[in-house]
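Trainee: Please take me slowly through a single part of this model, and tell me how its pieces are placed against one another.

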Amino acid sequence: MPILADLSVRPSGARHPVVSAPVPPAPVAVLAGVSVHLPERTVQVADAERALARSSRPGAVPRLPMVSRLTGVQQVHVLPDDWNASDLAVAASLTLLASQGLGAADVDLLIFASASQDMVEPATSHIVAAKLGVRAPVMDVKNACNSVLNALEVAEALVATGRYATVLVACGEAPSRAVRWDVPDRATYLLSAPGYTMSDAGAAVLVQRATGHGEGSGPAHGTCACSDRPRGILASAFGAESSHWDVGMLPGGGTAFPRDLDRTYFEIDGSRLRDAFLALGPGVILDALVRAGLTWDDVALVAVHQVAVAYLADVHEALGLPEDRTIVTVAEHGNVASATLPLQLVTALESGRVGPGDVVLLVGLAGGISIGAMAVRL
């Protein structure tokens, strides 16, 4: 199920609240296009929970489907048995490159950005590049569910140096491979339950040098026909509180647990994770707005990482946002990790919620824990 947006859809025009700021410099990089690939196979979360309860020891798993009720997640996508994270990234990348009239030779740098990976070594970016036929430099950027957002930060910085003009950020999230369905007791269930909302997806974002920034700026445009304001990445801000690194883990495969099969599944304390994010507060997000010279009235959409429908209420309250400023994807598609922000952007573009000239604020939240915000004019 390839989903594609080439940023040519009409804008919608929802506006609201307040933050003041100076005029920022012109963007050096634009988001030229974005695509998402969703595996066709889906699993109903409630059905999976009932099956787990029937196959587990009495008392280990609730008989009622509690995860789907508490999170609002109805279904998740599952990649084919013979696919890996790299295949999801390749599927989304092929769709994106074709939509832009580009080929593998047009990519100056490929960044694989994902919480998932095909294997510990080599970097999954090499596998993606080989499958695409890309012969440019590659690297992996990994920071849990903020991997794509951090990769966009890296891509913008490298474009600003003049080293690259076209950067392909490719993402392949396959968290379904690390979900535990063999639950011996209630304690194991509680650590495993947040994983039942995890969903597989591929995503790709094309970052290009803005017209007028440096020599040979390529096909990207620095202004939009519907506005004289420059399009591109306007500003960003990032933060972390790493003392909470253990609230969400996938421990196996590293030096700590190199061969412990029981540690190859997600271990997530959902309540601690939520409390940690709430403690971070909105400062980083508001900082990005100030750096971009924007107020909330300028922002058409806030795309925010989603792990549960109820968590959006926390975002609305913390930022003073009305509900219509965000878009819900987690209910229908599950938690697709770092593919979440591309999925929301594509959904908003294809539904006409946003379009050329509109400002989107991309807000990332990730285990570790970290937070990031990037203001982009489409």
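Mentor: Begin with helix H8, residues 283–292, which lies across four strands, namely E11, E14, E15 and E16 (370–377), where contact means heavy atoms within 4.5 Å. The direction of H8 makes an angle of about 150 degrees with that of E11 (axes are lines fitted to C-alpha atoms, for helices over the stretch in contact, and angles run from 0 to 180 degrees between N-to-C directions). Helices (H or I, at least four residues) and strands (E, at least two) are DSSP runs, numbered from the N terminus.

This is a predicted model, in which local features need pLDDT of at least 70 and side-chain atom pairs 80 or more, while totals for chains, interfaces and linings use all residues. Residues are numbered from 1 along each chain, and side-chain values use heavy atoms, without hydrogens or water.

Now turn to the sheet itself, which is open and is built from 4 strands in the order E11-E16-E15-E14, with mixed pairing (two strands pair if DSSP finds at least two bridges between them). Strand E11, covering 232–240, and strand E14, covering 299–304, each have a single partner strand and stand at the edges, so one side of each is left without a neighbour in the sheet. On average, and with direction ignored, neighbouring strands of this sheet are turned by 15 degrees against each other.

Following the edge strand E14 inward, you come to its partner E15, residues 359–366, and these two pair in the parallel sense over 5 bridges. As one place to look along the pair, find alanine 303, which stands opposite leucine 362 in E15.

A further helix, H11, made of residues 340–350, lies across E14 and E15, and its direction is at about 145 degrees to that of E14. Strand E14 is thus worth keeping in view, since H8 lies across E14 and H11 does as well.

Strand E14 also leads to helix H9, residues 311–319, whose buried residues are Leu312, Asp314, Val315, His316 and Leu319 (buried means under 20% relative accessible area, exposed over 50%, partly exposed in between, with a 1.4 Å probe and protein chains only). What covers these buried residues of H9 includes helix H7 (270–280), together with H8 and E14, and the helix H8 named here is the one that lies across E11, E14, E15 and E16. Just after H9 comes glycine 320, which takes a positive phi of about 70 degrees.
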